[in-house]
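Reader: I would like to go through this structure term by term. Please set each value against its cut-off.

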Amino acid sequence: MGATGSKLEKALGDQFPEGERYFGLENFGNTCYCNSVLQALYFCGPFREQLLDYYANNKGSGDAEDNLLTCLADLFTQISSQKKKTGVIAPKRFVQRLKKQNELFRSYMHQDAHEFLIFLLNELVDILEKEARAAKNDSETLSPPEKIANGPKNGQPNGVHKEPLVTWVHKIFQGILTNETRCLRCETVTAREEPFIDLSLDIEQNSSITSCLKNFSSTETLNAEDKFFCDKCCSLQEAQKRMKIKKAPQILVIHLKRFKYIEQMGRHKKLSYRVVFPLELKLINSVEDADAEYSLFAVVVHVGSGPNHGHYVSLVKSHNHWLFFDDENVEMIDESAVQTFFGSAQEYSSNTDHGEARWDGMVRYAL
Amino acid sequence: MHRVASSGNTANSTRPRKEKRLTYLLSYADDEKHCAGINCLAISKPTLDGRGHLFTGSRDGTLKRWEVNENSAICSATFESHVDWVNDAVIAGDNVLVSCSSDTTIKTWNCWSEETCTRTLRQHSDYVTSLATAEKNSNVLASAGLGGEVFIWDLETVLAPVSKSSDIMEEDSSNGFISSANATSVGSLRAINSSTSISTHTNQSSGSAPTVAKGHKESVYALAMNDTGTLLVSGGTEKVVRVWDPRSGSKTTKLKGHTDNIRALLLDSTGRFCLSGSSDSMIRLWDLGQQRCLHSYAVHTDSVWALSSTPSFTHVYSGGRDMSLYLTDLTTRESLLLCTEEHPILKMVLQDDNIWIATTDSSIHRWPADGRNPQKALQRGGSFLAGNLSFSRARVSLEGSTLVPVYKGPEFTIPGTPGIVEHEILNNRTHVLTKDSSGSVKLWEITRGIMVEDYGKVPFDQKKEELFEMVSVPAWFTVDTRLGSLSVHLDTPQCFSAEMYPVDLSISGKAEDDKVNLARETLKGLLAHWLTKRRKRFGSRTSSSNGDVLSGRDFAARSLDHSRIEVDGNADNDSTVYPPFEFSPVSPPSIITEGSQGGPWRKKITDLDGTEDEKDIPWWCIECVLNNRLPPRENAKLSFYLHPCEGLTVQMLTQGKLNAPRILRIHKVVTYVIEKMAQDRQSDGLGGEDAPGLPLRQSASDGPRGLKANPKFKSLIEIWCNNQVLPPDMSLATVRAYIWKKPEDLILNYRVIESK
């Protein structure tokens with residue numbers, strides 16, 4: 001594999017970014033879903049920074065048990081501290097931990113990269129929250145003894161109240177959606193806020209990310225058998241519903257729903273639609289930060305015709321260069337190729353099974 | 001494979017067939033008043049004494065006729081048959097009242113009769129929102145509703161004698177068997193129409209089916225017709241005003257301009273001009289001849305929901321979500337704030353110099369309006385010039401130049417009962433706490449259908465906390481308040497899941513361990529009047545045989561079910577209504593239900609005459625009340641383990657899982673422990689190899705058969721759960737829900753307190 005590395009080094013020449021490392025990740029049998037996401041995360045600046053910090057701060061306490069967070073921090077530190085500029089690393093500890101943690105990823109079956117990303121981020125949040133809570137309890141002299149009786153005021157049984165903590169994962173990825181519903185009878189608007197870490201978009205043939213986002217926040221009417229229960233009218237009424245992005249996240253993750261469940265077939269089908277994506281994206285329908293602007297820095301691509309097979313690769317932008325990560329291999333790629341290659345996948349995929357079909361775009365905040 | 005799902009209105013075909021439910025509606029002591037918002041108003045032509053009657057249709061599902069004088073209003077009739085909101089009502093000719101409802105039906109009534117519905121039209125498949133008639137052609141009626149359905153009816157054919165009826169007409173099911181000898185002949189026709197399909201209906205008997213006005217893609221919220229019935233306009237979420245020829249049902253044109261839902265429409269008598277009110281807060285005047293908008297008036301600061309014009313169509317009264325009533329001169333654009341209500345305005349109707357205003361509140365107000373000389377009102381000053389951009393009025397109010405209404409208070413009020421806006425079913429599943437629109441908090445006992453406590457205007461949540469009881473009773477009914485009062489829904493089989501001991505209900509004369517099924521007793525209470533009438537009619541034989549209740553094929557089809565149905569524990573088929581389940585004959589509840597035929601109906605329980613059978617009432621209710629058969633119940637029993645407290649040297653009594661009724665009290669468990677200990681002492685050395693589960697059912701749930709427990713001994717046994725001593729009155733279900741709090745099987749511990 002050394003050859004690849006040197007080739008990349010040669011290609012970059014003296015433009016090779018100071019202190020940057022480009023390492024391929026070994027595949028342990030259908031772990032490309034994991035590798036492609038890890039590469040995208042590694043080149044997500046704020047995320048990598050936080051994780052390396054975390055590793056540095058927790059080095060001393062080696063007594064703690066391994067978890068996904070420590071394994072990931074360990075892996076990232078390993079990459080960033082390599083002597084060589086390029087090469088291949090085996091994310092063995094991380095993958096083992098992942099398989100131990102979740103039986104979904106235990107098999108050698110093909111996995112969904114988006115599912116993995118969401119699982120990983122949620123897992124990291126859980127660990128960070130737990131640690132934060134433990135630290136808080138330590139500082140509060142003694143943790144209060146668990147109360148046995150629950151008074152009548154507690155109302156429902158099993159009522160454990162948790163106040164939400166804001167971890168650095170939240171700070172990087174979490175945005176807030178407002179779900180607005182207007183009853184068509186009394187015209188009262190009910191707004192509900194929902195945090196999100198990714199936007200899952202329905203896609204259409206020959207569309208663009210911008211138009212998919214538009215559809216995402218377009219008005220939907222709740223009617224016929226699917227009326228809205230209006231608290232004001234105390235009854236089911238027609239209503240109009242729409243989603244607005246209230247707070248845009250620092251890093252926006254967009255997931256294109258390319259795997260559609262087809263009832264007749266009883267399985268998922270891949271929609272190989274052409275969806276154009278821009279390198280710079282403006283979120284026009286956000287409420288707070290009037291027009292949030294993003295620039296694309298990572299794309300996770302599924303290659304292949306179906307959900308149960310195929311391959312994941314990722315495209316990552318680092319220091320103004322676009323890189324192509326395919327497990328162990330790392331190559332340079334032209335920016336124009338990023339868009340044309342994957343944006344116009346339809347023609348490309350027609351007679352080979354290298355059809356681009358699905359990607360998680362991770363778009364980084366630019367302003 | 002053929003795909004059935006997800007193409008339009010197929011929800012019923014994909015879901016498993018659900019048994020019909022029985023709902024009863026708790027009534028207020030004052031039945032003369034509406035108890036929810038008023039959606040519609042209509043005034044009949046003046047009678048000989050010179051005044052017309054006022055008709056009101058309410059969200060409480062009823063219509064009322066009022067005899068109104070200068071300072072009084074007497075409710076002279078209540079029209080009760082709709083099972084959901086009455087959305088609109090019109091008077092066709094001199095005698096016919098037509099109403100439409102969210103229950104998808106249109107009903108016709110004789111304005112002056114004893115309140116019985118003469119026809120029920122079931123052509124619509126979704127809420128019917130609006131009706132329109134022609135002033136000079138009382139035969140034409142148009143109806144419109146959600147889903148874009150618009151129909152034009154010929155009232156003469158609709159009201160023609162039943163023998164000529166087609167599949168779209170029917171005798172009202174709830175009244176048919178009382179008032180008409182033809183009811184039986186209609187019965188056979190009823191079944192056909194239930195799957196109303198607009199496009200496919202065939203008119204075997206031509207002329208009686210409505211003309212379908214096809215072309216609306218979305219829901220219709222407003223309708224109007226001209227005097228002669230030659231022009232129909234409709235508006236809705238499509239934001240356009242559509243113009244139709246009601247004689248053919250064909251579209252003639254559409255008018256664009258509004259930017260939101262159209263909620264109110266008016267046509268002048270000639271049909272040349274049209275006024276529209278919209279959720280975009282604008283009023284627009286259209287010239288239908290030129291097909292263009294002549295004026296747009298920015299008068300309101302929020303949605304316009306109601307319009308009413310002077311007979312000459314020179315001035316318009318408008319009301320809406322901003323609770324304000326404006327008078328606007330259509331030519332000069334001068335506008336005047338006449339009054340402000342306390343709730344959003346839903347409908348207005350002019351009567352001479354006054355205007356009646358209906359709001360989302362249950363009372364109706366009459367205000368002076370100078371209807372005969374609106375110019376006079378405008379000349380008094382205080383008017384402003386209506387802008388023509390929607391934000392212009394909003395801007396005026398932002399700048400602080402708040403308008404002062406001409407009239408401060410209504411001239412006359414027909415009071416209503418404040419409707420219930422919030423409710424909470426209490427843990428005992430017998431009481432419901434409610435808050436009404438006036439802020440009053442009340443407690444209802446749903447098994448007797450009465451209000452038991454009026455707390456006045458206190459914070460609802462605080463009262464809810466105060467009344468918290470640590471008891472767990474299965475949810476045997478559900479409640480909603482869309483009709484302004486409490487609707488209690490009973491669905492089989494879940495409604496039969498709650499039981500109580502007679503002692504808890506203060507019922508005497510029953511064995512201590514008898515279990516009283518709450519739904520069964522409630523049904524007996526609700527149908528007591530029906531049963532009495534029925535017995536009078538058919539003699540007592542009916543109660544013993546199924547034959548009368550279930551006839552022919554139906555019975556055969558269900559005999560399978562019956563084999564699983566258990567006859568309740570106490571075999572005596574007593575129809576005695578116990579005091580905790582007696583419904584007041586003074587303000588009897590209404591029931592809303594449907595049987596195998598004819599769709600849902602609503603009626604006071606005291607108006608049932610005993611002829612109602614499985615065609616009208618769900619079969620499971622009849623089975624329960626007549627034959628004491630209840631469907632098989634799940635979850636009546638609860639599993640638990642009984643272990644000695646840790647560190648106790650007492651021998652394990654039993655290691656297996658035990659089963660007991662959910663309502664079993666802890667003191668019964670104590671009794672069981674004592675018995676087992678005594679038994680073990682007797683059969684010392686055998687090691688207590690009893691079959692687990694069985695002994696408890698014998699000894700504890702059905703009363704101690706063997707040894708009578710020694711009361712002195714009893715106090716020395718404690719039952720613990722989750723490190724807490726359990727009070728003897730607590731039920732197993734409550735222990736599970738509030739002490740154990742885990743999904744696993746309950747574990748109880750017992751401990752012997754050594755006596756000194």
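Author: Start with angles: under 35 degrees counts as roughly parallel, over 145 as roughly antiparallel, 65 to 115 as roughly perpendicular, and the rest as oblique. This is a predicted model, where local features need pLDDT of at least 70, side-chain atom pairs count only at pLDDT 80 or more, and totals for chains, interfaces and linings use all residues. Residues are numbered from 1 along each chain as its sequence is written, while chains are lettered from A and ligands numbered from 1 in the order in which they are written.

Reader: Why are H8(B) and H11(B) called roughly perpendicular?

Author: Helix H8 (residues 518-526) and helix H11 (residues 619-627) of chain B pack at about 90°, with axes 9 Å apart. Axes are lines fitted to C-alpha atoms, for helices over the stretch in contact, and angles run from 0 to 180 degrees between N-to-C directions. The two helices are therefore roughly perpendicular. Helices (H or I, at least four residues) and strands (E, at least two) are DSSP runs, numbered from the N terminus.

Reader: Which residues of H8(B) and H11(B) meet?

Author: Arg520(B), Leu523(B) and Lys524(B) meet Cys621(B), Cys624(B) and Val625(B). Contact requires C-beta atoms, placed from the backbone, within 7 Å.

Reader: What makes Asn137(A) exposed?

Author: A residue is exposed if 12 or fewer other C-beta atoms lie within 10 Å of its own, buried if 20 or more, and partly exposed in between; C-beta atoms are placed from the backbone. Asn137(A) has 12 such neighbours, so it counts as exposed. Asn137(A) sits in helix H6 (residues 113-139) of chain A.

Reader: Why does the span of H3(A) agree with the expected one?

Author: The expected span is 1.5 Å times one less than the number of residues. For the 14 residues of H3 (residues 45-58) of chain A that gives 20 Å, and the end C-alpha atoms are 20 Å apart, so the two agree.

Reader: How do you know that the buried residues of H3(A) lie on the same side?

Author: The buried residues are Phe47(A), Gln50(A), Leu51(A), Tyr54(A) and Tyr55(A). They cover an arc of only 140° around the axis, which puts them on the same side. The arc is that of the directions from the helix axis to the C-beta atoms. On the other side, Asp53(A), Ala56(A) and Asn57(A) are exposed. The buried residues pack against H2 (32-42), H4 (68-80) and H7 (168-173) of chain A.

Reader: Which residues touch the most other members of the largest nonpolar core?

Author: Ala89(B), Ala142(B) and Leu265(B), in a core of 97 residues. Such a core is a set of buried Ala, Val, Leu, Ile, Met, Phe, Trp, Tyr and Cys residues joined through C-beta atoms within 7 Å.

Methods. Contact = placed C-beta atoms within 7 Å.
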